[in-house]
Amino acid sequence: MASAGLSDAEVNSLKLMREEEKLARDVYQVLYEEFGDRQFGNITKSEQRHTDSILGLMNLFDVEDVA
């Protein structure tokens, strides 16, 4: 069901993007913990900002977060 004027496809895209960003964050976090490379830590932070931004859009359009 569409939320706040979004099509079902747009809602599904937001949910998928959020899951993909969280997965990317988790992968880079594991790499950072394993190898201690600062670049992995920086990417982890960037991926967290991405997932937070998508959550902001989901909240704006009243899309339920599945996480």
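What percentage of the contacts in the chain with a separation of 6 or more is accounted for by residues 24 or more positions apart? The share is 58%.

**View 1. Overall fold of the predicted model.** Two helices and zero strands are assigned in the chain. Along the principal axes, the C-alpha atoms occupy a box of roughly 45 × 15 × 15 Å. The radius of gyration of the chain is 14 Å, whereas a compact globule of 67 residues would have one near 11 Å.

**View 2. The largest nonpolar core.** Six residues form this core: Leu-6, Val-11, Leu-14, Ile-54, Met-58 and Val-63. Two or more of the core residues come from each of the elements α1 (8-35) and α2 (38-60). In the chain as a whole, buried residues make up 22% of the 67 residues.

**View 3. Surroundings of Leu-6, a member of the largest nonpolar core.** With neighbours within four places in sequence left aside, Leu-6 is in contact with Val-11, Leu-14, Phe-61 and Val-63. Among these partners, Val-11, Leu-14 and Val-63 are also listed in the core.

**View 4. Exposed surface and charges of the chain.** About 4,700 Å² of the chain is exposed. Carbon and sulfur atoms supply 54% of that area. The chain carries 7 positive and 14 negative charges. A distance of 7 Å separates the mean position of the positive charges from that of the negative charges.

Terms used:
Residues numbered from 1 in each chain as written. Predicted model: local features only at pLDDT ≥ 70, side-chain atom pairs only at ≥ 80, totals over all residues. Heavy atoms only, no water. Core = buried A, V, L, I, M, F, W, Y, C linked by side-chain atoms within 4.5 Å. Buried < 20%, exposed > 50% of the residue type's maximum accessible area, 1.4 Å probe, protein only. Helix = DSSP H or I, 4+ residues; strand = E, 2+ residues; numbered from the N terminus. Contact = heavy atoms within 4.5 Å. Rg over C-alpha atoms; globule rule 2.2 N^0.38 Å. Areas by Shrake-Rupley, 256 points an atom, 1.4 Å probe, with all protein chains shown as cover. Lys, Arg positive; Asp, Glu negative; His and termini not counted. Charge placed at Lys NZ, Arg CZ, Asp CG, Glu CD.
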